Amino acid sequence: DQQAALQAVQRAAPALAAAVDAAEPRIASGGRLLYVGAGTSGRLGLLDSVELNPTFSWPRKRAVSVMAGGRLALTEAVEGAEDDRGQGGRDLLAVDVGAADVVLLVAASGTTPYVLGALAVAREVGALTIGLANNPGSPLLQQAQHAVLLDTGAELVSGSTRLKAGTAQKIALNAFSTALMVRLHKVY
């Protein structure tokens, strides 16, 4: 079953490469990587953001995670936090999102209100938006400037995004950030 996750990322390679191309100039000019998600997707964004410093000596201030439910949601499920569209936008504004930033928005369904609220604010301020979702045709993929479809199909346990959808998200985030960091190594 997990092989489907790897295959989904392989199919998304062209979209990931285009997203890296678009992100590189903003990050090279001082922008930040901002990760937005809820539940498993939010935790995977946090994981990727945290690992950039020890792996690439990337400044912690330039890799920021924004998660539905805040810090409590790192260790506990904060039920309902993902449904607050307005809070997604407010949380992104609270970290001073700007036009130089690259916002990675991650939601297995591609319909999570919290993530879509953050997407709307990111677009309003002119940040680059990259949406990663596991459902074709979802609002996140339709509205983000760069859409990365990780089509993993139905889960073994219905509704659980921590299985192959989460695996695909983890691999895709890692592939994106690693490619970007390798390119920037000469610049940074």
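Which element gives the largest share of the lining of the second largest pocket? I will come to that straight away, with one remark beforehand: this is a predicted model.

The answer is strand 2, with three residues. Strand 2 covers 63–67, and helix 4 also gives two or more residues to this lining. The second largest pocket holds about 220 Å³ of space. Its lining consists of Leu-46, Ser-65, Val-66, Met-67, Gly-70, Arg-71, Leu-74, Asp-91, Ala-94 and Val-95. Sorted by class, the lining residues are six nonpolar, two polar and two charged.

Next, the helix pairs. Two packed helices are described by the angle between their axes and by the distance between those axes. I will give both for each pair.

I start with helix 4, since it has just come up at the pocket. Helix 4 runs over residues 85–94 and helix 5 over residues 113–125; their axes come within 6 Å and cross at roughly 45°. Helix 4 is therefore oblique to helix 5. The crossing of these two helices is right-handed. On the helix 4 side, the contact uses Arg-85, Gln-87, Gly-88, Gly-89, Asp-91, Leu-92 and Leu-93; facing them in helix 5 are Pro-113, Tyr-114, Leu-116, Gly-117, Ala-118, Ala-120, Val-121 and Ala-122. By class, that contact has nine nonpolar, four polar and two charged residues. Note Asp-91, which is in this contact and also in the pocket lining.

Now helix 2, residues 13–28, and helix 7, residues 164–184. Their axes come within 9 Å and cross at roughly 45°, so helix 2 is oblique to helix 7. This crossing, too, is right-handed. Helix 2 contributes Leu-16, Ala-19, Val-20, Asp-21, Ala-23, Glu-24, Ile-27 and Ala-28 to the contact, and helix 7 contributes Ala-172, Ala-175, Phe-176, Ala-179, Leu-180, Arg-183 and Leu-184. Here the classes are 12 nonpolar, no polar and three charged.

Helix 2 has another partner to report: helix 1, residues 3–11. How do their axes lie? The axes of helix 1 and helix 2 come within 4 Å and cross at roughly 55°, and the two helices are therefore oblique to each other. Val-9, Gln-10 and Arg-11 of helix 1 meet Ala-13, Pro-14 and Leu-16 of helix 2. That contact has four nonpolar, one polar and one charged residues. Leu-16 of helix 2 thus appears in the contact with helix 1 as well as in the contact with helix 7.

Conventions: Residues numbered from 1 in each chain as written. Predicted model: local features only at pLDDT ≥ 70, side-chain atom pairs only at ≥ 80, totals over all residues. Heavy atoms only, no water. Axes fitted to C-alpha atoms, helices over the stretch in contact; angles between N-to-C directions. Parallel < 35°, antiparallel > 145°, perpendicular 65-115°, else oblique. Left-handed = near helix turned anticlockwise from the far one by under 90°. Contact = heavy atoms within 4.5 Å. Nonpolar A, V, L, I, M, F, W, Y, C, P; charged D, E, K, R; others polar. 1 Å grid on protein atoms, 1.4 Å probe; cavity = no way out; pocket = protein on both sides within 12 Å on 5 of 7 lines; lining within 4 Å. Points joined across faces, edges and corners; volume = space filled by probe spheres on them.
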